[in-house]
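Please work through the exercises below with the sequence and the 3D structure open beside you. Each one sets a task and then solves it step by step.

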Amino acid sequence: MSDKKSIILSGSILNIPFYEIPEKIRIAKEHGLSLIHLDIMDGVFVPQLSFGLSFAIQLREIIDLDLEVHLMVVNPEKFIAEIPDKLFTRVFFHYESTLYPLRLIEKIKNKGMMAGVAINPSTPVQNIETILGEVDAVLVMLVEPGYGGQVMKHQMLKKIEQLNKLRRENGYSFIIACDGGIKIDNARIIVEKGADELIVGTGLFNSPRFPGIIRDFLSINLPR
Ligand code: DX5
Ligand code: ZN
């Protein structure tokens, strides 16, 4: 086993014009990207609408990369019931969107997918402490959810550290994912604080250095 920790890079396609999505993903794959992040928004949990499950299913048919979904919807129970088994590698629901996170986690796992809980910037890590033993992933939002291209809130770094500490102390196995405002310049500090997965939208697909920048992200590695 390598003595370096290598990161998981997930490409968020939210800000790519629809007609460019298949081609951009194809190029990104050629340059080493292996995971695509789909942001599903319902116009209620967040102000915008993005795309729905039918789009994800269509994408699944033409793309052979892993897909993960980030549900920014008010009724994740209803939504998760509609997801075909194993469509996604990981399903992130928002802690703020449900009264029954444990039930949701079980439903996602029963469909053969990893269950992740996402927390908004204003939600303290303490709120999810009691479910950390059950989840496969925690998504720390580094910006308010709903839009690509925002600036990372630096206060969020502390939450990554807290999660990393809780994981170590309790022997939990969840991965720590971070989403929003990640650019090549701040990626390293986020990983140093304990993040395992970086979800990057405009910092990747809209970078003047796309697609070469994918390698730059993937070469961020730290001693274990
Ligand atoms: C925002 C979404 C993000 C977004 C990230 O609510 O959850 O996944 O696409 O985009 P950037 O990397 O541009 O902040
Ligand atoms: Zn997202």
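The exercises that follow concern a predicted model, and they turn to the ligand, the cavity, the pocket and the backbone.

**Exercise 1. Find which residues come nearest to ligand 1, and describe the shell around ligand 1 by class.**

Solution. Start with the residues around the ligand: there are 18 of them, and those that come nearest are Ser12, Gly146, Gly149, Asp179 and Thr202. Next, sort the shell by class, which gives six nonpolar, ten polar and two charged residues.

**Exercise 2. Work out which atoms of His37, His70 and Gly146 lie close to an oxygen atom of ligand 1, using a cut-off of 3.5 Å between N or O atoms.**

Solution. Begin with the side chains. In His37, an N or O atom of the side chain is 3.4 Å from an oxygen atom of ligand 1, while in His70 a polar side-chain atom lies 3.1 Å from an oxygen atom of the ligand. Then turn to the backbone, where an N or O atom of Gly146 lies 2.7 Å from an oxygen atom of ligand 1. Each of these distances is within the cut-off of 3.5 Å, so each pair counts as a polar contact. As a last step, consider how far the ligand is covered: on its own it has 380 Å² of accessible area, and the protein covers 99% of this.

**Exercise 3. Locate the space taken by ligand 1, and state how many residues line the largest cavity.**

Solution. First, the space that ligand 1 takes is the largest cavity. Among the elements, strand 3 (35-41) and strand 4 (66-72) are those that give two or more residues to the shell around the ligand. Second, the structure holds one cavity of 30 Å³ or more, and about 240 Å³ of space lies in the largest cavity. Its lining is made of 26 residues, of which Tyr147, Gly148, Gly149, Asp179 and Gly180 are the closest to its centre. Third, at least two residues of this lining come from each of strand 3, strand 4, strand 9 (197-200) and helix 7 (202-205). By class, the lining of the largest cavity divides into ten nonpolar, twelve polar and four charged residues.

**Exercise 4. Describe the largest pocket by its space, its lining and the classes of its residues.**

Solution. The largest pocket holds about 210 Å³ of space. Its lining consists of Lys5, Ser6, Ile8, Val191, Glu192, Asp196, Leu222, Pro223 and Arg224. Strand 1 (4-6), helix 6 (184-193) and strand 10 (221-223) are the elements that give two or more residues to this lining. Sorted by class, the lining has four nonpolar residues, one polar residue and four charged residues.

**Exercise 5. Place Pro211 and Lys86 in their loops, and describe the backbone there.**

Solution. Pro211 is found in the loop between helix 7 and helix 8 (213-218), and the peptide bond that leads to it from Phe210 is cis, with omega near 5°. Lys86, in turn, has its place in the loop between helix 3 (76-82) and strand 5 (90-94). Although Lys86 is not a glycine, its phi is positive, at about 60°.

Definitions and conventions
Residues are numbered from 1 along each chain as its sequence is written. Chains are lettered from A and ligands numbered from 1 in the order in which they are written. This is a predicted model: local features need pLDDT of at least 70, side-chain atom pairs count only at pLDDT 80 or more; totals for chains, interfaces and linings use all residues. Side-chain values use heavy atoms; hydrogens and water are left out. A residue is near a molecule or strand if one of its heavy atoms lies within 4 Å of it. A polar contact is a pair of N or O atoms within 3.5 Å; within protein, one must be able to donate a hydrogen and the other to accept it, and residues adjacent in sequence count only if both atoms are side-chain atoms. Accessible areas come from the Shrake-Rupley method with a 1.4 Å probe; for residues, only the protein chains shown count as cover. On a 1 Å grid over the protein atoms alone, a cavity is a set of points where a 1.4 Å probe fits but cannot get out, and a pocket is an open set with protein on both sides within 12 Å along at least five of seven lines; lining residues have an atom within 4 Å of a point. A molecule sits in a cavity or pocket if more than half of its atoms lie within 2 Å of its grid points. Helices (H or I, at least four residues) and strands (E, at least two) are DSSP runs, numbered from the N terminus. Ala, Val, Leu, Ile, Met, Phe, Trp, Tyr, Cys and Pro count as nonpolar, Asp, Glu, Lys and Arg as charged, and the others, Gly among them, as polar. Grid points are joined across faces, edges and corners, and a volume is the space filled by probe spheres set on the points.
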